[in-house]
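Thank you all for making time this morning. I would like to walk through one structure slowly, so please keep the sequence and the picture in view while I talk.

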Amino acid sequence: MKLYLIRHPRPDVKKGLCYGDMDVPLAAGWEVGAQALKQALSIEFDGESNRCFHSPLSRASRLAEYIGEGKSQVVDALRELDFGHWEGLCWQDIPKQDIDIWAEDIVHAAPYHGESLQVVADRVWSWWLSVKDLPMENCVLVAHSGVIKVFVSMLCHWPLEQCHRIDVGFSSVSELSIQGDFVVLKRLGAGDWVSNQ
């Protein structure tokens, strides 16, 4: 199976905003990059051998519906990490001591009273175990930076506490080849089909 992990396009938010689980709109013109991505993937989704799954947040669901031609399935487990009371704040306005507490144990800490990285990992992995053995040639997930970083780390057996080092740009694709428990990372965070991202 080929697994494509696609991050949503750039949202229309002010720079530095913490918007994990917030539903924010896409920036104008996102369809241009979406069209390039759809052409590059060149997958005809039939709901069986070629499937598309997406986060319920509109910045991911709009792209998934576009490239999946209305055949993508919404999956709540693919939501971005919930930053609790940090949601809607600019990162510069969050008390440094709270960010330091989080950084000391980035996998398990949640000083913002939302989800920890481990909670996200558990829900994404639980969902993956429920679908990974379906007879798929191509599986496309349209989700978020945190979800993709966590998922790639788990698939590749990389330390979860280091997943922040993975660069996942807007509208980027990470491609993996999966045969049973054997995983090959083909590309990580690539966005080479989009000219203006």
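Let me begin with a question: which residues in helix 5 are buried? Before I answer, please keep in mind that what we are looking at is a predicted model. The buried residues of helix 5 are Ser145, Gly146, Val147, Ile148, Lys149, Val150, Phe151, Val152, Ser153, Met154 and Leu155. Helix 5 covers residues 145-155, and eleven of its eleven residues are buried, so the helix is described as mostly covered. As for what does the covering, the list includes strand 1, helix 4, which is 117-131, strand 4, which is 138-143, strand 5 and strand 6. Helix 5 lies across strand 1, strand 4, strand 5 and strand 6, and it runs at about 150° to strand 1. Just after this helix comes His157, which takes a positive phi of about 60°.

Since several strands have now been mentioned, let us turn to the sheet. Six strands form an open sheet in the order 3-2-4-1-5-6, and the pairing within that sheet is mixed. The edge strands are strand 3 and strand 6, each of which pairs on one side only. As general background, strands of a sheet pair through backbone hydrogen bonds, and the pairing can be either parallel or antiparallel. Here we can find an example of each. Strand 2, residues 50-54, pairs with strand 4 in the parallel sense over five bridges, and within that pair Arg51 stands opposite Cys139 of strand 4. Strand 1, residues 2-7, is joined to strand 5 by five bridges, and those two run antiparallel.

Strand 5 deserves a little more time. Six of the seven residues of strand 5, which is residues 173-179, are buried, so this strand is largely enclosed by the rest of the structure. Ser177 is a helpful residue to follow here, as Ser177 is the bridge partner of Lys2 and also stands opposite Val184 in strand 6. Strand 5 and strand 6, the latter being residues 182-190, pair in the antiparallel sense over six bridges. The hairpin that these two strands make has two residues between the strands, and in it Gly180 takes a positive phi near 65°.

If we step back along the chain from strand 5, we come to Ser171, which sits in the loop between helix 5 and strand 5. Ser171 has a positive phi of about 60° although it is not a glycine. That is worth a remark, since most residues other than glycine have a negative phi. Is Ser171 buried or exposed? At 4% relative accessibility, Ser171 counts as buried, because the cut-off for that word is under 20%.

Now to two helices that pack together. Helix 1, residues 30-41, and helix 2, residues 58-67, pack at an angle of about 45°, and their axes are 9 Å apart. That angle makes helix 1 oblique to helix 2, and the crossing of the two is right-handed. On the helix 1 side, the residues in the contact are Trp30, Glu31, Ala34, Gln35, Leu37, Lys38 and Leu41, and they meet Arg62, Leu63, Tyr66 and Ile67 of helix 2. The residues of this contact divide into seven nonpolar, one polar and three charged. The buried residues of helix 2 are Arg59, Ala60, Ser61, Leu63, Ala64 and Ile67, and what covers them includes strand 1, helix 1, strand 2 and strand 4.

Beyond helix 2, in the loop that leads to strand 3, we meet Gly68, which is buried with a relative accessible area of 0%. Glu69 is found in that loop between helix 2 and strand 3 as well, and its phi is near 50°, a positive value in a residue other than glycine.

My last stop is Glu80, which is placed in the loop between strand 3, 73-74, and helix 3, 96-104. Glu80 is buried, with a relative accessible area of 10%. Leaving aside residues up to four places away in sequence, Glu80 touches Gly20, Asp21, Leu57, Arg59, Glu115, Arg123, His144, Ser145, Gly146 and Val147. Among these are Ser145, Gly146 and Val147, which brings us back to helix 5, where these three are listed as buried.

How values were computed: Residues are numbered from 1 along each chain as its sequence is written. This is a predicted model: local features need pLDDT of at least 70, side-chain atom pairs count only at pLDDT 80 or more; totals for chains, interfaces and linings use all residues. Side-chain values use heavy atoms; hydrogens and water are left out. Buried means under 20% relative accessible area, exposed over 50%, partly exposed in between (1.4 Å probe, protein chains only). Helices (H or I, at least four residues) and strands (E, at least two) are DSSP runs, numbered from the N terminus. Two strands pair if DSSP finds at least two bridges between them. Contact means heavy atoms within 4.5 Å. Axes are lines fitted to C-alpha atoms, for helices over the stretch in contact, and angles run from 0 to 180 degrees between N-to-C directions. Angles under 35 degrees count as roughly parallel, over 145 as roughly antiparallel, 65 to 115 as roughly perpendicular and the rest as oblique. A crossing is left-handed if the near helix is turned anticlockwise from the far one by less than a right angle, and right-handed if clockwise. Ala, Val, Leu, Ile, Met, Phe, Trp, Tyr, Cys and Pro count as nonpolar, Asp, Glu, Lys and Arg as charged, and the others, Gly among them, as polar.
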